[in-house]
Amino acid sequence: MEGGNGGSCSSMEKVMGNYGDQPHVLAVDDNLIDRKLVEKLLKNSSCKVTTAENGLKALEYLGLGVDGRNKLDTNVSKVNLIITDYCMPGMTGYELLKKIKESSIMKEVPVVIMSYENIPTRITKCLEEGAQMFMLKPLKQSDVKKLRSDLMSCRR
């Protein structure tokens, strides 16, 4: 696992708010097996999980659809974290990250990028664009526990 939390705990505090013991995570991955694995690991760590098979579906769910409308009455306030694969057809995880960070209503939501490829320039690019963390696949339960621990520590 690579990356860091970029010192944005204060912005995470606002978003994470009082989610109780079950933060809501949007998991985005085009690979069904990887998506199911991430979903299972997150659920094992007491997270509520919604999945999307690509960046466009994720944007749709978040109310940031390609038609450019920001629907304020959507699922935005219900999502505490977005975890996305980097390599996806149609829209990469990096492009999804940029769209989320460009949105005034979504930019405070932490985004974690995952990839099988450990490419330092890619990792740096994602972190500079505002990713909270970059994790190497396949994710393990210990990765999810660390992620959840980091999110919880930002609330203190």
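Visitor: Which residues are buried in H4?

Guide: In H4 the buried residues are Gly93, Tyr94, Leu96, Leu97 and Ile100, where buried means under 20% relative accessible area, exposed means over 50% and partly exposed lies in between, with a 1.4 Å probe and protein chains only. Helices (H or I, at least four residues) and strands (E, at least two) are DSSP runs numbered from the N terminus. The buried residues of H4 cover an arc of only 160 degrees around the axis, which puts them on the same side of H4; the arc is that of the directions from the helix axis to the C-beta atoms.

Visitor: Before we go on, what kind of model is this?

Guide: This is a predicted model, in which local features need pLDDT of at least 70 and side-chain atom pairs count only at pLDDT 80 or more, while totals for chains, interfaces and linings use all residues. Residues are numbered from 1 along each chain as its sequence is written, and side-chain values use heavy atoms, with hydrogens and water left out.

Visitor: OK, and what covers the buried residues of H4?

Guide: The cover includes E1, H3, E3, E4 and H5, judged by contact, which means heavy atoms within 4.5 Å.

Visitor: H3 is in that list, so which residues of H3 are buried?

Guide: In H3, which spans residues 55-62, Gly55, Ala58, Leu59 and Leu62 are buried. Seen down the axis of H3, these residues fall within an arc of 100 degrees, so they line one face of the helix. Their cover includes strand E1 (24-28), strand E2 (48-52), strand E3 (81-85) and helix H4 (93-102).

Visitor: What happens at the start of H3, and what follows H3?

Guide: At the start, a side-chain oxygen of asparagine 54 comes to within 3.1 Å of the backbone nitrogen of leucine 56. After H3 comes glycine 63, with a positive phi near 80 degrees.

Visitor: Lysine 57 is in H3 too. Is lysine 57 exposed, partly exposed or buried?

Guide: Lysine 57 counts as partly exposed, with 38% relative accessibility. Its C-alpha is 8.6 Å from that of valine 28, although the two residues are 29 apart in sequence.

Visitor: Switching to strands, which way do the residues of E1 point?

Guide: His24, Leu26 and Val28 point one way and Val25 and Ala27 the other way, and all are buried. With five of its five residues buried, E1 is largely enclosed by the rest of the structure. E1 pairs with E2 in the parallel sense over five bridges, and valine 28 stands opposite alanine 52 in E2; two strands pair if DSSP finds at least two bridges between them.

Visitor: A histidine there caught my eye. What does the side chain of histidine 24 make a polar contact with?

Guide: The partner is the side chain of threonine 50, at 2.6 Å. A polar contact is a pair of N or O atoms within 3.5 Å; within protein, one must be able to donate a hydrogen and the other to accept it, and residues adjacent in sequence count only if both atoms are side-chain atoms. Histidine 24 is buried, with a relative accessible area of 4%. Leaving aside neighbours within four places in sequence, histidine 24 also has contacts that include Tyr61, Lys78 and Leu81.

Visitor: And E4, how many bridges join E3 to E4?

Guide: Four bridges join them, and the two strands run parallel; one bridge partner pair is isoleucine 83 with valine 112 in E4. Five of the five residues of E4 are buried, so E4 is largely enclosed by the rest of the structure.

Visitor: Which residues touch the most other members of the largest nonpolar core?

Guide: Of its 25 residues, these are Leu26, Val28, Leu62, Ile82, Ile113 and Cys126, a core being a set of buried Ala, Val, Leu, Ile, Met, Phe, Trp, Tyr and Cys residues joined through side-chain atoms within 4.5 Å. H4 gives the most to this core, with four residues. A second, separate core of 16 residues includes Ala27, Leu81, Val112 and Met114.

Visitor: Last one, how do the elements of the protein chain run?

Guide: From the N terminus on, the order is α-β-α-β-α-β-α-β-α-β-α, with six helices and five strands. Of the 156 residues in the chain, 48% are buried.
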